[in-house]
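Me: Could you take me through a close look at one helix in this structure, starting from where it ends? After that, I'd enjoy a friendly tour of the parts around it and beyond.

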Amino acid sequence: MEVSEKKQIKMYSEKDLVGKGGKFLVLNALETSIFCREKFSEEQKMIASSAEDYAKEQLKPVSNELNNVLNEELTRKIFKEVGELGFLSVDVPEKFGGLELDKTTASIVVDCLSSGESASIMVSISAHTGIAMLPIIWYGNDVQKEKYLPKMASGEYIGCFALTEPGAGSDVLAASTKAELNKEKTHYILNGQKIYITNGSWADVSVVFAMVGNKYTAFIVEKDCEGFVVGAEEKKLGIKGSSTATLFFENCKVPIENMLGEVGQGGPIAFNVLYPGRYKLGVTTCAGAKYLTTGALDFAFEREQFSRSVSNFGMIKNKFANMVTKSWESDSINYMTTGAIDEAINSLDKTSDNYYEGVQKIIEDHSIEASISKVLGSETLAYTVDEGVQIMGGAGFIEEYPMAGAYRDERINRIFEGTNEINRMIIGGYVLKKSILEEIPIRMCIQEREDNWIPSDKIDDDSIEYFKVVEFCRSLLLNITNHLILTYGQDLKNEQWILEPFADMVISFSIIDIGFKRLYGLEKNDHKENTERVFRHSLANHYYEILNNSKLILEHLPNDEINNKIEENLNQLNYKPDRIKYKQDIVNDLYKFKKYYLD
Ligand SMILES: Cc1cc2nc3c(=O)[nH]c(=O)nc-3n(C[C@H](O)[C@H](O)[C@H](O)COP(=O)(O)OP(=O)(O)OC[C@H]3O[C@@H](n4cnc5c(N)ncnc54)[C@H](O)[C@@H]3O)c2cc1C
């Protein structure tokens, strides 16, 4: 095919990519739109408002107690209350007493409950509704569903998910807990231990993974099973109001009917339920970052030094501008992810026997998005809390104020649901896999742009500069992807020095691409103007991040062609952001609203 021909022919379109994860990599804002909180339905808004009311009225007043001390009675009371309100049954099929709503609504519930400002109860609730209930919803037979789901949905039962072992952390499949069928073939006998299990001491029902021979298998274990022993509570750095315990299985007798799925299905069960756990963690951490920004702001307005409020100092304003931008970025990725998953799930036949298989495939297919949500949310919260302490000075270090507790609570988010290193491996690894298998047309996109890294699509004047920067970054990222595939092929997943900056390029690119699509889809009004001021800061930051990470990779793996293209296109782009001005504008808005203002 001649080059001139190539330029004219569009080789793929959104239609080819309906429902596919990772499609943001190859579709621009004129070719597709994304879901975001501005598109919540009326029903979703109603649920949001009811969860927020409950959180503010019932959780916030007891947040100190919920966060800092283990209180099983109070936790159980809250579980029953949120159960009654339907917040534990969003994913549960109607047939078993649930609401069976979409993934966006499930995220909205944890988002809005987070405004109760108790990280511990959110960890307990999220573990229960996510990793404990989803295995039963997705893999349980009707008898198991009937037996456990209504009680878990009402909050009468608390659930946990027991995967981690002393020798099997990130490498979950290295488990040594064993399950052997007894002579009578009535029970599996479990021996081994699971560590660091959320809700461990309180759980009435545990989803436990063990080896049957050499096959990784899941079981539902009830708390009164013979041989099931709960160890002491861990003394933790943070989230002290949530239970974390070791579970011992000492010839633990589990009835054969409590096997979940089939022998050998433990791997898919474990991995598949972790994906929604990741984007939901993105949602709760983002929500935390927003209310902590507001908390730090309240303090800064009050605190005077050198005869003025500390909020007047440029170095303090700088931190607030970054907090707002990062929260908005994280929020954009979170709901783009749930919206993309919902859109794909909507095309499934709910009455089909394979419905949940289809749901899982779709969620797994969006693992790039889910991992980005998790990494971005947890790192946004980490930044916000760290700078929140700094803004408060000495008071930030004193337990009387909530920021010190938040500083401790925040840390776990970068460790569980797959450490951020493991999630970066997933991001880089899946982009590689999807490119090699041509699940997303990365090579076609590169081919289309061979002579024109910045396509000149017709877009309104207000957006043209943003569009060009995003499209330059897309071309750069995709060319680096191709370069890495040609250099390493499948082995790229083992080249972590390269994989990490590559994953960071993907994260940065997703932020500007999704941010632009969110902004571009907004109606012209004040909200759009406020959003635009945040977006242009985000765009400039991640443009430099992408350039820096590509330079890091190209220093190690030189490629003259890409280097020349970068030079050539940077000249053409002539992009000259003024980030200090952008941040000043964001802070002006923030100080007017006196809280995070883009929800
Ligand atoms: C409060 C709390 C609650 C928890 N709740 C649960 C629960 O409910 N259920 C459950 O099953 N587990 C739970 N966990 C366990 C948690 O999921 C694990 O701690 C986590 O997956 C990391 O495993 P690890 O601690 O063994 O760290 P390791 O896997 O030993 O990792 C150590 C370091 O090495 C890095 N690393 C490991 N492998 C790689 C690699 N291939 N490439 C690059 N870097 C790598 C990690 O990122 C990390 O920085 C919980 C843990 C805590 C602390």
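Reply: Right after helix α11 comes glycine 393, and its phi is positive, near 60°. This is a predicted model, so keep in mind that every value here is computed from it. The helix itself covers residues 367–392, which makes 26 residues. From its first C-alpha to its last, α11 reaches 37 Å, close to the 38 Å expected at 1.5 Å a residue. Is α11 largely enclosed or largely open? Of its 26 residues, 21 are buried, so α11 is largely enclosed by the rest of the structure.

One residue of α11 leads us to another helix. Threonine 380 and serine 327 are 53 residues apart in sequence, yet their C-alpha atoms are 6.4 Å apart in space. Serine 327 belongs to helix α9, residues 314–345. It has 28 C-beta neighbours inside 10 Å; since 20 or more is enough to count as buried, serine 327 is buried. Which residues does serine 327 touch, once its neighbours within four places in sequence are left aside? The contacts are Cys286, Ala289, Lys290, Thr293, Thr380 and Tyr596.

For a second helix to set beside α11, try α15, which spans residues 461–488. Helix α15 has 28 residues and reaches 41 Å from first C-alpha to last, close to the 40 Å expected at 1.5 Å a residue. Just after α15 you will find glycine 489, with a positive phi of about 60°. Aspartate 462 lies in α15. With 13 C-beta neighbours inside 10 Å, aspartate 462 counts as partly exposed. Its C-alpha is separated by 9.8 Å from that of tyrosine 520, although the two are 58 residues apart along the chain.

You have now met two glycines with a positive phi, glycine 393 and glycine 489. Some residues that are not glycine have one too. Glutamate 438 is one of them, with a positive phi of about 60°. Where does glutamate 438 sit? Its place is in the loop between α13 and α14, the latter being residues 442–448. Glutamate 438 counts as exposed, because it has 10 C-beta neighbours inside 10 Å. Lysine 594 also has a positive phi of about 60° without being a glycine. This lysine lies in the segment after α19, the helix of residues 579–593. Lysine 594 is exposed, with 11 other C-beta atoms within 10 Å.

Now for the strands. Strand β4 (residues 205–212) pairs with strand β5 in the antiparallel sense over 8 bridges. One of the facing pairs is valine 205 with glutamate 222, its bridge partner in β5. Together β4 and β5 form a hairpin with 2 residues between them, and glycine 213 in the turn has a positive phi of about 65°. Strand β5 covers residues 215–222, and 6 of its 8 residues are buried, so β5 is largely enclosed by the rest of the structure. β5 also runs antiparallel to strand β8 (residues 259–260), with 2 bridges joining them. There, phenylalanine 219 stands opposite methionine 259 in β8.

Another set of strands meets at β7. Strand β3 (residues 187–198) pairs with β7 (residues 244–255) in the antiparallel sense, over 9 bridges. Isoleucine 197 stands opposite alanine 245 in β7. Strand β6, residues 228–233, is antiparallel to β7 as well, and 4 bridges join the two. In that pairing, valine 229 stands opposite phenylalanine 248 in β7.

Strand β3 takes us on to the ligand. How many residues surround the ligand? There are 20, and the closest are Leu163, Gly169, Ser170, Thr198 and Thr419. The elements giving two or more residues to this shell are β1 (159–162), β3 and α13 (420–436). By class, the shell has 12 nonpolar, 6 polar and 2 charged residues.

Finally, step back to the chain as a whole. It is divided into domain 1 (5–31 + 429–593), domain 2 (39–158) and domain 3 (160–266). The centres of domain 1 and domain 3, taken over C-alpha atoms, are separated by 43 Å.

Terms used
Residues numbered from 1 in each chain as written. Predicted model: local features only at pLDDT ≥ 70, side-chain atom pairs only at ≥ 80, totals over all residues. Expected span 1.5 Å × (residues − 1). Buried ≥ 20, exposed ≤ 12 C-beta atoms within 10 Å, placed from the backbone. Pairing = 2+ DSSP bridges. Near = placed C-beta within 6 Å. Nonpolar A, V, L, I, M, F, W, Y, C, P; charged D, E, K, R; others polar. Contact = placed C-beta atoms within 7 Å. Domains from an automatic or database assignment.
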